[in-house]
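Biologist: Please put the model on screen. I will ask about the fold, the sheet, the domains and the ligand shell.

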Amino acid sequence: MRKTLHKIEEKSQLFMMKQCPSPSAGLRYKVLTIPPQFPLSEEEKDISISTMTYAIRSNFKEKKKAISLGLLPFKNKNQTRTANIITYPDHQIWQLKTPEEVAKYFDKSFPQIPLEKIILSEEISRFTFSKGGEFPNPQFCSGVYKILGEPDNNQGTAVILLGDAVHCFPPDIGQGVNSALEDIYILQEILEETEDNLSQGLPIYQNKRQDDIKALIRLVQISYPWQYNQDPWQTKLWSVNFFIRLLLSRFLPFMFSPHSFVLIQNHNLSYSEILAKSNRNTTILLTLSSLVIILILFFVGWQIFILYR
Ligand SMILES: Cc1cc2nc3c(=O)[nH]c(=O)nc-3n(C[C@H](O)[C@H](O)[C@H](O)COP(=O)(O)OP(=O)(O)OC[C@H]3O[C@@H](n4cnc5c(N)ncnc54)[C@H](O)[C@@H]3O)c2cc1C
């Protein structure tokens with residue numbers, strides 16, 4: 001639908017997705033289905049808890065061999081669970097062609113769990129032949145609607161783009177569904193205010209949503225793109241940055257906010273507000289670091305001056 005709108009509006013570029021870089025874009029993923037309350041070991045009572053998150057790490061440690069199974073929590077304990085395998089495009093797991101090769105790879109990867117009770121052979125087969133997916137670049141387009149004719153007089157159509165159709169990104173901060181629901185919520189509020197007048201409501205909706213969408217895309221780029229261990233140094237740097245901001249926000253709450261990855265969980269803040277807080281932290285940190293560097297240089301210069309005076 002968006003592509004069709006782009007063809008109509010090619011000149012204005014309103015419906016062209018603006019691509020933004022991210023360290024997690026391009027990673028490949030496949031999903032494994034796992035039975036509910038699966039066993040964690042051979043011991044009878046050692047079974048998984050549905051409301052717990054699990055990260056099962058593989059025996060392999062080399063970058064292109066290591067995998068981990070990431071399981072998100074579910075409220076319903078009888079719900080089938082899913083484990084995401086997310087890794088680099090040139091990882092060995094993507095080269096495996098047959099269910100036998102995949103089964104062998106899993107056996108060697110996870111000797112710590114009773115694999116045959118967790119991943120059934122049919123599931124290994126489905127996993128092998130499934131196409132999987134690839135994380136997209138964070139991207140958005142500035143047009144979110146197109147009015148053709150006069151839909152308010154029943155003589156035309158209004159096309160409204162919501163969710164991934166206007167803003168999509170890697171799932172680093174878990175905001176895909178939330179932001180899509182927020183689109184709908186805000187649109188519904190505006191349509192209520194304008195008594196379902198689309199020609200009046202849709203421009204208001206587009207104006208209101210644009211800044212938040214741009215802020216969301218930026219938050220995806222900066223909040224937690226290194227969580228897939230693409231580069232151990234960058235992951236460590238990210239952790240240092242995260243804890244500095246966490247500590248500063250605890251001890252100097254009037255001056256610093258927590259890291260954007262924490263703020264994103266606060267549903268009372270809009271994406272624009274979260275980005276503004278994060279940018280403010282960065283500005284203060286950069287100013288303070290520059291001051292410290294200037295003071296150190298001044299002190300060293302002073303010592304040299306005294307020495308050679
Ligand atoms: C691996 C992974 C993990 C994720 N984790 C999270 C997470 O933890 N939290 C989170 O909030 N989000 C997450 N997301 C993102 C989330 O899934 C999406 O942002 C969300 O589903 C977008 O909703 P949507 O309705 O806009 O699009 P979709 O859910 O993609 O729905 C679009 C629907 O339209 C259908 N469709 C497409 N073309 C046509 C057509 N021509 N005719 C008819 N129907 C059509 C599709 O089949 C699909 O059912 C994740 C995404 C991935 C890939």
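Biologist: What percentage of the 309 residues of the protein count as buried?

Modeller: This is a predicted model, where local features need pLDDT of at least 70, side-chain atom pairs count only at pLDDT 80 or more, and totals for chains, interfaces and linings use all residues. Residues are numbered from 1 along each chain as its sequence is written. A residue is buried if 20 or more other C-beta atoms lie within 10 Å of its own, exposed if 12 or fewer, and partly exposed in between, with C-beta atoms placed from the backbone. The buried share is 23%.

Biologist: Why does the protein count as more spread out than a compact globule?

Modeller: It has nine helices and 10 strands; these are DSSP runs (H or I, at least four residues, for helices; E, at least two, for strands), numbered from the N terminus. The globule rule is 2.2 Å times the number of residues to the power 0.38, and the radius of gyration is taken over C-alpha atoms. For 309 residues the rule gives 19 Å, so the protein is more spread out than a compact globule, with a radius of gyration of 25 Å.

Biologist: What box do the C-alpha atoms fill?

Modeller: The box is taken along the principal axes. Its dimensions are roughly 85 × 60 × 35 Å.

Biologist: In what order do the five strands of the open sheet run?

Modeller: Two strands pair if DSSP finds at least two bridges between them. The pairing here is antiparallel. β3 (54-57) and β6 (133-134) each have a single partner strand, so they stand at the edges. The order is β3-β4-β5-β2-β6.

Biologist: Which residue in β5 stands opposite R28?

Modeller: Strand β2 (residues 28-34) pairs with strand β5 (residues 81-87) in the antiparallel sense, over seven bridges. The residue opposite R28 is T87.

Biologist: Which residues of strand β4 point to the buried face?

Modeller: Side chains alternate along β4 (residues 68-71). S68 and G70 point to one face and are not buried. S68 is also the bridge partner of R57, and G70 is that of N84 in β5. On the other face, the buried residues are L69 and L71.

Biologist: How far apart are the centres of domain 1 and domain 3?

Modeller: The bounds come from an automatic or database domain assignment. They give domain 1 (2-20 + 141-223), domain 2 (28-134) and domain 3 (232-308). 10 residues of domain 1 are in contact (C-beta atoms, placed from the backbone, within 7 Å) with nine residues of domain 3. Taken over C-alpha atoms, the centres are separated by 34 Å.

Biologist: Is W238 buried or exposed?

Modeller: W238 sits in helix α7 (residues 232-251). It has 20 C-beta neighbours inside 10 Å, so W238 counts as buried.

Biologist: Which helix gives the largest share of the shell around the ligand?

Modeller: The shell holds 13 residues, with G163, P171, G174, G176 and V177 the closest; a residue is near if its C-beta atom, placed from the backbone, lies within 6 Å. Five are nonpolar, seven polar and one charged. Ala, Val, Leu, Ile, Met, Phe, Trp, Tyr, Cys and Pro count as nonpolar, Asp, Glu, Lys and Arg as charged, and the others, Gly among them, as polar. The largest share, four residues, comes from helix α5 (residues 176-193).

Biologist: Where does the ligand lie relative to the domains?

Modeller: Two domains both give residues to the shell around the ligand, so it lies between them. They are domain 1 and domain 2.

How values were computed: Contact = placed C-beta atoms within 7 Å.
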